[in-house]
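Visitor: I'd like to learn how to read sheets and the helices that pack on them. Could you walk me through an example?

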Amino acid sequence: MKIARTLTELQAATKTLGETAFVPTMGALHRGHLSLLEAAKTGGRPVVASIFVNPAQFGPNEDYNRYPRDEAGDLAQLEASGCDLVWLPDVPTMYPAHAATTIHVAGPATRWEGVARPAHFAGVATVVAKLFGQIRPAAAYFGEKDWQQVQVVSRMVEDLLLPVKIVPVPIARDADGLALSSRNRFLLPPERAAAPALYAALTKAATQIVAGKDVAATLHNARHGMAAAGMVPDYVALVHAHSLEPLAALAPPARLIAAAKLGHVRLLDNVPVA
Ligand code: AMP
């Protein structure tokens, strides 16, 4: 596995690879990230992963400085999973002091995480566009764990005519249903025990909506289930799977999405509704 820390090293390394499959990450890797690498490998192209904790996608009172970092552990996992090249840029490489251009996102970025974290998706889109420009992958793999993010990135690629295929990858979960996340390590033991209530509430609500139960009442009950487990729900919504606009009644393609605070950790999850 090659490791590139400068643009010169990256350019030398990508030159020999031909068409690549790309997996962008912020590190602190877990089985969810590795499932993206597995999916990327099945395409038959050499796999490039990046690790970059992107300051632009964190709000001023968010956890940029506390975000988990474990470069040695990440590199060992990437090597073991057959990654061909890792890109480890530093902040000045991604955001030179003279930079004056960012990507403005609307549409699927407007609601939900876009409200809770106002600059988040502009930061994501900007760094992803830069990474695409540096690596020029044929395909890029994103986790459905961040469902809204996949829609925002897909919209950007279509709108800016970027020559890359976005491939969504299903959510990797622990045995009790909790979606894997780098931030789960910050859950205290009783919080970790309560956390599967989010997925449980979503799967129950999806089943009820498919069975024809009233959507507003079902979402209300799901919020209640989350609160009963000690969470502070932010949103629980039935949305159009791609535009992220709320749906008052089931109409495919639909997705149930939710966010809740548990202790100091913001949990995100979503399930299909069909
Ligand atoms: P992050 O390092 O959290 O920015 O995530 C990097 C990529 O891994 C994103 O495309 C995430 O959606 C994806 N990812 C994170 N957790 C999971 C998971 N549990 N299952 C599938 N993909 C995930």
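Visitor: Which strands does helix α3 (residues 71-80) lie across?

Guide: Keep in mind that this is a predicted model. To read packing, look for strands that have heavy atoms within 4.5 Å of the helix. Here, helix α3 lies across β1, β3 (47-51) and β4, and α3 runs at about 170 degrees to β3.

Visitor: In what order do the strands of the parallel sheet stand?

Guide: Follow the pairing from one strand to the next. This open sheet has 6 strands in the order β1-β4-β3-β2-β5-β6. The edges are β1 (2-4) and β6 (165-169); each has a single partner strand, so one side of each lacks a neighbour in the sheet. On average, neighbouring strands here are turned by 25 degrees against each other, direction ignored.

Visitor: How many bridges pair β1 with strand β4?

Guide: There are 3 bridges between β1 and β4 (residues 85-87), in the parallel sense. Within that pair, I3 stands opposite V86 in β4.

Visitor: And which strands form the antiparallel sheet?

Guide: That open sheet contains 3 strands, ordered β7-β8-β9. Its edges are β7 (232-240) and β9 (265-273), each with a single partner strand, so one side of each is without a neighbour in the sheet. The average turn between neighbouring strands is 15 degrees, direction ignored.

Visitor: What joins β7 to β8?

Guide: You'll find 8 bridges between β7 and the antiparallel strand β8 (residues 254-262). One facing pair to locate is V232 opposite K261 in β8.

Visitor: Where does helix α10 lie?

Guide: Helix α10 (residues 215-228) lies across β7 and β8, at about 150 degrees to β7.

Methods
Residues numbered from 1 in each chain as written. Predicted model: local features only at pLDDT ≥ 70, side-chain atom pairs only at ≥ 80, totals over all residues. Heavy atoms only, no water. Pairing = 2+ DSSP bridges. Helix = DSSP H or I, 4+ residues; strand = E, 2+ residues; numbered from the N terminus. Axes fitted to C-alpha atoms, helices over the stretch in contact; angles between N-to-C directions.
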